[in-house]
Amino acid sequence: MDSFPAPARTMVEAMQAAAAADPARAVAFSGAPGANSHRAALEMVPGCLPLPCFSFEDAIDAVKAGRAWAAAIPVENSQHGRVADIHFLLPESGLHIVAEHFLRINHALMATGEGPFEAAYSHPQALGQSRKFLRERGIVPLSYADTAGAAAHVAERAEPHIAAIAPPQAAELYGLKIVENDVEDAADNTTRFLLLANEALDPAMFGDRTPAITTFVFEVKNIPAALYKALGGFATNGVNMTKLESYQAGASFSATMFYADIIGAPGQPAVDRALEELAFHCKELRILGTYRQARQRG
């Protein structure tokens, strides 16, 4: 609790108490009340009890411990790339992806005074998404754990020359003035969220008429052209791969893991054939979830 700035603690305490009374309705998120993840949780699961957590790891742990049935985690932004190290967090967590959601992101510059401002606090993602705005005004970006927490921090300090970049609703929650709206550098700034739960969805629920995404991680065998051969099955079977990212497994840099999204679900013949061919060329293959496609890819 003490990790949150003082202006946020009363709200955090009340939300945590509500979630503790009915954990089956609780959705954990990273950040103080008013963060974009708070909004995403409410949009993904209308009527849920949002459970604020200080970090992504804390939100995941809340699900594993049964304090929440799911966690809303941001994974990538259209302007600034990867948000959370989901490649490491999700496979290690044992949780499953059960939904995705695309959230339009609007940032506002807020403070206790009118400015001019020497510095602005926010999450590194929000600072990156507003980089041009800050540079043009000579405002120094200062990193904070989350956007709404940054707003609460600025409210607590009440210094005239510091500001926060946060969702507009954070200004109302923490008694700040919005100095300028829409300070993000791109008008189509969008973040993709994943909903993580202990129980996976049954792929059989997705028929040919229900577009689904399957996410998995894999490590190919250490032989020439292994990746080329492993991915060939998706092309020959007409399965669309919409994401492929690599990351290092361990400090030796000798093993590379891959994180991938495909359109389709296990149980569909083309997907089964492609995954079978992939597995033949892999040392490890782990499906992280099959879930309804929220936005058309292509």
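# Close-up views of a predicted model

**View 1. S130 sits in the loop between helix 5 (124-129) and helix 6 (131-137).** The model shown here and in the other views is predicted. S130 counts as buried, because its relative accessibility is 0%. What does S130 touch, leaving aside its neighbours within four places in sequence? Its contacts are H107, I165, V183, E184 and D185. I165 returns in the next view, as the bridge partner of L109.

**View 2. Five strands form an open sheet with mixed pairing.** Their order is 8-7-9-6-10. Strand 8 (140-143) and strand 10 (177-180) are the edges, and each pairs on one side only. On average, neighbouring strands of this sheet are turned by 35° against each other, direction ignored. Strand 6 (residues 108-111) and strand 9 (residues 162-166) run antiparallel, joined by 3 bridges. L109 has its bridge partner in strand 9: I165. That partner is also among the contacts of S130.

**View 3. Helix 7 lies across strand 6, strand 7 (119-122) and strand 9.** Helix 7 runs at about 160° to strand 9. Strand 9 is the strand that 3 bridges join to strand 6. Strands 6, 7 and 9 belong to the open sheet with the order 8-7-9-6-10.

**View 4. Helix 1 (residues 6-21) packs with helix 7 (residues 147-157).** The angle between them is about 130°, and their axes are 7 Å apart. Helix 1 is therefore oblique to helix 7. Which residues meet here, in helix 1 and in helix 7? Helix 1 brings A6, P7 and A8; helix 7 brings A152, A155 and E156. By class, the contact of helix 1 with helix 7 has 5 nonpolar residues, no polar ones and 1 charged.

**View 5. Four strands form an open sheet with antiparallel pairing.** The order is 13-14-12-15. Strand 13 (241-248) and strand 15 (282-292) are the edge strands, each pairing on one side only. Neighbouring strands of this sheet are turned by 15° against each other on average, direction ignored. Strand 12 (residues 212-220) is joined to strand 15 by 9 bridges, and the two run antiparallel. At one position of this pairing, T214 stands opposite T290 in strand 15.

**View 6. Helix 4 (residues 86-93) and helix 10 (residues 269-280) each lie across strands of the four-stranded sheet.** Helix 4 lies across strand 12, strand 13, strand 14 (256-263) and strand 15. Helix 4 runs at about 90° to strand 13. Helix 10 lies across strand 12, strand 14 and strand 15. Its angle to strand 15 is about 155°.

**View 7. C48 and C53 are cysteines without a disulfide partner.** The disulfide count for the model comes to 0. For C48, the nearest cysteine sulfur is that of C53, 12 Å away. Why does the sulfur of C53 form no bond with that of C48? The two sulfurs are 12 Å apart, too far for a bond; a disulfide needs them within 2.5 Å. Are C48 and C53 buried or exposed? C48 counts as buried because its relative accessibility is 7%. C53 counts as buried too, at 8% relative accessibility.

Conventions: Residues are numbered from 1 along each chain as its sequence is written. This is a predicted model: local features need pLDDT of at least 70, side-chain atom pairs count only at pLDDT 80 or more; totals for chains, interfaces and linings use all residues. Side-chain values use heavy atoms; hydrogens and water are left out. Two strands pair if DSSP finds at least two bridges between them. Axes are lines fitted to C-alpha atoms, for helices over the stretch in contact, and angles run from 0 to 180 degrees between N-to-C directions. Contact means heavy atoms within 4.5 Å. Angles under 35 degrees count as roughly parallel, over 145 as roughly antiparallel, 65 to 115 as roughly perpendicular and the rest as oblique. Ala, Val, Leu, Ile, Met, Phe, Trp, Tyr, Cys and Pro count as nonpolar, Asp, Glu, Lys and Arg as charged, and the others, Gly among them, as polar. Buried means under 20% relative accessible area, exposed over 50%, partly exposed in between (1.4 Å probe, protein chains only).
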